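Me: I should like to understand how labels are justified in a structural model. Please set each value against its criterion and then conclude.

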Amino acid sequence: MSRTVIVGIDGSPESLAAAEWAAREALLRAVPLHVVHAGEQQPHAYAPFATEAVALPGEDRSARMLHDAEVSLAYRHPDLGITAEQLAGQPATALSAAAREAEVLVLGSRGLGRASGRLFGSVALAVVGRAERPVVLVRAGAGDAYEPRSDTRGISCEATPFGDVVLGLRLPGRSAEAVLEFAFDAAARRDTGLRVVHGWNAMPSPRVGDGDAGAVEPAELLTETLRPWREKFPGVEVTAEAVIGRPGAHLADASRDASLLVLGGRLRSRPVGPHIGSVTHEVLQRAMAPVAVVPHP
């Protein structure tokens, strides 16, 4: 796996917000940024960073958009190594393949919704359903949550911390390890706290690996699960809560003051089309902060 952050753009306001978010994430990780556009996806008529909208010439639209994005990001982040590439093939397939070479793939997201009772979404949704690496979805405006909080005068400064990272954790199971590592690492890089939210249905969870040893309360299971990660990341202040009810609603509410919301996504053994769980769907509909979906077995 290459040490890089990849961002897919199409010229929409959401993808330009994603590009800015991805640039800052690459700086946090001290890796280069690779900007890509999937070949069969028509670019939007767009306004480049810090300029007025321009008309793009027919066949050169993709190349021009990538060039403008690369130049604009380089101007805003002169210490960041940036490259750009046109990808061939269907957008979801091309971006999913690109994700295999990245630490993180970042995409713009318009959110999800329902039309005539059927779920609809975007290329980002299809990529989340099949990606083998973490995917971060950023809405236009949601990237602002990535910034350090402003002081009482509305001025952002280095002394003012990022908002917390919020982790939606599903228990029990060892599959949560990849999600935990991503969330703790994200909080450590931002020098901020980690808020862990575990939803449950008011029934005690079975104690993993203990046979007939009985059940364990959610708060106890959560404490046991987090203990080794607290030791591995001693600088991260952790708050944890086991909540009753729809976890998606709790996580969406928690995202209002967060710099990043982290969820797990199940890897499938064979391609069966894009699919996300109900909690992830609700969070993507309602979350205010960028959302990272981390695949696990």
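Me: Why is the pair Asp 185 and Arg 189 called a salt bridge?
Reply: In this predicted model, the closest N and O atoms of Asp 185 and Arg 189 are 2.7 Å apart. A salt bridge requires a side-chain nitrogen of Lys or Arg within 4 Å of a carboxyl oxygen of Asp or Glu, so the pair qualifies. Both residues lie in helix 5 (residues 177-190), four residues apart, about one turn of the helix.

Me: Why is Arg 189 called partly exposed?
Reply: The relative accessibility of Arg 189 is 32%. Partly exposed covers values between the buried limit, under 20%, and the exposed limit, over 50%, and therefore Arg 189 belongs there.

Me: What makes Glu 20 and Arg 76 a salt bridge, and which parts does the pair tie together?
Reply: The N to O distance is 3.0 Å, and the cut-off is within 4 Å, so the name applies. Glu 20 lies in helix 1 (residues 13-29) and Arg 76 in helix 2 (residues 61-76), so parts 56 residues apart in sequence are tied together.

Me: How do you know whether Glu 103 is buried or exposed?
Reply: Glu 103 has a relative accessibility of 8%. Buried means under 20%, so Glu 103 is buried.

Me: What makes Arg 3 count as exposed?
Reply: Its relative accessible area is 53%; exposed means over 50%, so Arg 3 meets the criterion. Arg 3 forms a salt bridge with Glu 103, the closest N and O atoms being 3.0 Å apart. Arg 3 and Glu 103 also belong to a network of salt bridges with Glu 25, Arg 29 and Arg 190.

Conventions:
Residues are numbered from 1 along each chain as its sequence is written. This is a predicted model: local features need pLDDT of at least 70, side-chain atom pairs count only at pLDDT 80 or more; totals for chains, interfaces and linings use all residues. Side-chain values use heavy atoms; hydrogens and water are left out. Buried means under 20% relative accessible area, exposed over 50%, partly exposed in between (1.4 Å probe, protein chains only). Helices (H or I, at least four residues) and strands (E, at least two) are DSSP runs, numbered from the N terminus.
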